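Trainee: Could you take a close look at one part of this structure with me? I'd like to go through a single spot and what surrounds it.

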Amino acid sequence: SGLMLNPDVYFGLGISGQIQHMVGVNGARVVVAINKDPKAPIFEQCDLGLVATVQEALPAIVQNL
C-alpha cells in the first residue's frame, strides 16, 4: 500500500519479511518476529525473533504477560 509505519514496537506474526514489507516498517524502534521458518527473511532484520507457529507462541506469551 506504500504506507510507512513508525511505531515504537512492530510485531510481525507469521510474516516472511519480504523486502517490500520491511521497507514499510523500518521506522519501528523495535521489530519482534514470530515465524515457523527459521530462514524467513524477517529474522535478518528483527530485534527479537522466535521460531514457532503463531498458534504455539501467542498463548504462551499472553500467559506470561
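Leaving aside its neighbours within four places in sequence, which residues is valine 31 in contact with?

Mentor: Quick caveats before we dig in. This is a predicted model, so local features need pLDDT of at least 70, side-chain atom pairs count only at pLDDT 80 or more, and totals for chains, interfaces and linings use all residues. Residues are numbered from 1 along each chain as its sequence is written, and side-chain values use heavy atoms, with hydrogens and water left out.

Now, valine 31: beyond neighbours within four places in sequence, it's in contact with Tyr10, Met22, Gln45, Cys46, Asp47 and Leu48 (contact means heavy atoms within 4.5 Å). Val31 also belongs to the largest nonpolar core, nine residues that include Tyr10, Met22, Cys46 and Ile42. Such a core is a set of buried Ala, Val, Leu, Ile, Met, Phe, Trp, Tyr and Cys residues joined through side-chain atoms within 4.5 Å; buried means under 20% relative accessible area, with a 1.4 Å probe and protein chains only. Two elements, α1 (19–25) and β2, each give two or more residues to this core (DSSP runs: helices H or I, at least four residues; strands E, at least two).

Ile42 is worth a stop too. It's in the loop between β2 and β3, and it counts as buried because its relative accessibility is 0%. Its C-alpha atom is separated from that of Val31 by 9.1 Å, with the two residues eleven apart along the chain. Again setting aside neighbours within four places in sequence, Ile42 is in contact with Gly12, Ile15, Ser16, Gly17, Met22 and Ala33.

Notes:
Buried < 20%, exposed > 50% of the residue type's maximum accessible area, 1.4 Å probe, protein only.
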